[in-house]
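This briefing covers the arrangement of a sheet and the surroundings of a ligand. The structure is shown first, and the points follow by topic.

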Amino acid sequence: MNKEIQQTSISELGEFGLIERITKDIQLKNSSTVKGVGDDAAILDFKDKQVVMSSDLLTEGVHFNLMYAPLKHLGYKAVIVNLSDVYAMNAIPKQITVNIALSGKFSVEAVEELYAGIHLACEKYGVDLVGGDTTSSLTGLTISITVLGEVEKDAAVLRSGAKPNDLLCVTGDLGGAYMGLQLLERENEVYKVNAKMQPQMEGYDYILERQLKPEARQDIVSAFQKLEIKPTSMIDISDGLSSEIIHLCKNSKVGCNLYEEKIPMDEQTKEMAEEMNINPLVAALNGGEDYELLFTISQNDYEKIKTDPDFTIIGHITETADGINLITTGGSAIPLVAQGWNHGK
Ligand code: ADP
Ligand code: MG
């Protein structure tokens, strides 16, 4: 929090004053939003579309650390993690609601910073903020967002549709958000010992952004439409490639071979991993928070994606009995294990 700007206590403004402050500039964008903030409930009309809905809950000290996560980035990221779940259904997010619990340390200006990030994400992704709830907390900040999205009937993609011989694909690159977090935690430890030390983060802007201000793969859902591809299964990578592959395989009742040498990683991710003596493969498999999409497609769709730089084929689906394996660069098959739950270690 920037100590230099004027800090107004929330009690000065009151709960209603605060809500007015953070919602007054909202301009509704979507035809499915009939009534947004300002009544006892929002009114939505999705006509003949199907509605997808998902929530996420973030707690200070567990999911984020305000020592290094600026409030504006936190607000942005809190929206992104929800949008990512909607894209992972092959749907388009349209509305969010935001529930916050605030302890006494937060000023009106701090909440405005948080909402600046929330509004920015809404703007960028074409989503309407249509409501929420505001309450006090004894222990820091909790933020819960619910997102609603729409999808044509039968167009939603579940975790359960992968079939043997399907190709396993991923968007973007992996492990960056985790290495960004390692860097932030290292520099935060240095700062705690000596506040005069300048953080050593030059040259690592990409992985820091992956951690602090991630994006959701809106572009991929439109690409599927253009390419006329319906993935057979899909999931977003919030907990790490390993655990997401296991979710897909368990839900689809299939096995899979994942090839180590195919896993896409950025140079900065590898450099930071080397600097910290971490195997970059571990960052990609178990790191999480990449918010890329992991999906399977039929072999018939291979031609449509083979030259697209946004997609990497990292493996293929097998029978359940073959197991869920990482095929190492050396050619050995190692069963994948889920880690998950690794936020805020
Ligand atoms: P109620 O007493 O019915 O819960 P509130 O006074 O809490 O109503 O909310 C008034 C309006 O402001 C509602 O439309 C609600 O959805 C919206 N709202 C409340 N808190 C937030 C928030 N943190 N973010 C966005 N909208 C909010
Ligand atoms: Mg309320």
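The notes below treat the sheet, the helices on it and the ligand site in turn. The model is a predicted one. Its open sheet consists of 7 strands with mixed pairing, and ligand 1 is surrounded by 15 residues.

**Sheet**
- The strand order is E8-E10-E7-E11-E9-E12-E13.
- Strands E8 (233-236) and E13 (333-335) each have a single partner strand, so one side of each has no neighbour in the sheet.
- From one strand to the next, the twist averages 25 degrees.
- Strand E9 (residues 255-259) and strand E11 (residues 311-318) run antiparallel and are joined by 4 bridges.
- Cysteine 256 has isoleucine 317, in E11, as its bridge partner.

**Helices on the sheet**
- Helix H6 (residues 218-227) lies across E7 (167-171), E8, E10 (293-297) and E11, and runs at about 75 degrees to E11.
- Helix H7 (residues 241-252) packs on the sheet and touches E7, E8, E9, E10, E11 and E12 (324-327).
- The direction of H7 makes about 150 degrees with that of E8.

**Ligand site**
- The residues closest to ligand 1 are Gly38, Tyr115, Gly131, Gly132 and Thr134.
- A polar backbone atom of glycine 38 is 2.8 Å from an oxygen atom of ligand 1.
- A polar backbone atom of aspartate 39 is 3.1 Å from an oxygen atom of the ligand.
- In threonine 134, an N or O atom of the side chain is 2.9 Å from a nitrogen atom of ligand 1.
- Ligand 1 has 560 Å² of accessible area on its own, of which the protein covers 75%.

Note on methods:
Residues are numbered from 1 along each chain as its sequence is written. Chains are lettered from A and ligands numbered from 1 in the order in which they are written. This is a predicted model: local features need pLDDT of at least 70, side-chain atom pairs count only at pLDDT 80 or more; totals for chains, interfaces and linings use all residues. Side-chain values use heavy atoms; hydrogens and water are left out. Two strands pair if DSSP finds at least two bridges between them. Helices (H or I, at least four residues) and strands (E, at least two) are DSSP runs, numbered from the N terminus. Axes are lines fitted to C-alpha atoms, for helices over the stretch in contact, and angles run from 0 to 180 degrees between N-to-C directions. Contact means heavy atoms within 4.5 Å. A residue is near a molecule or strand if one of its heavy atoms lies within 4 Å of it. A polar contact is a pair of N or O atoms within 3.5 Å; within protein, one must be able to donate a hydrogen and the other to accept it, and residues adjacent in sequence count only if both atoms are side-chain atoms. Accessible areas come from the Shrake-Rupley method with a 1.4 Å probe; for residues, only the protein chains shown count as cover.
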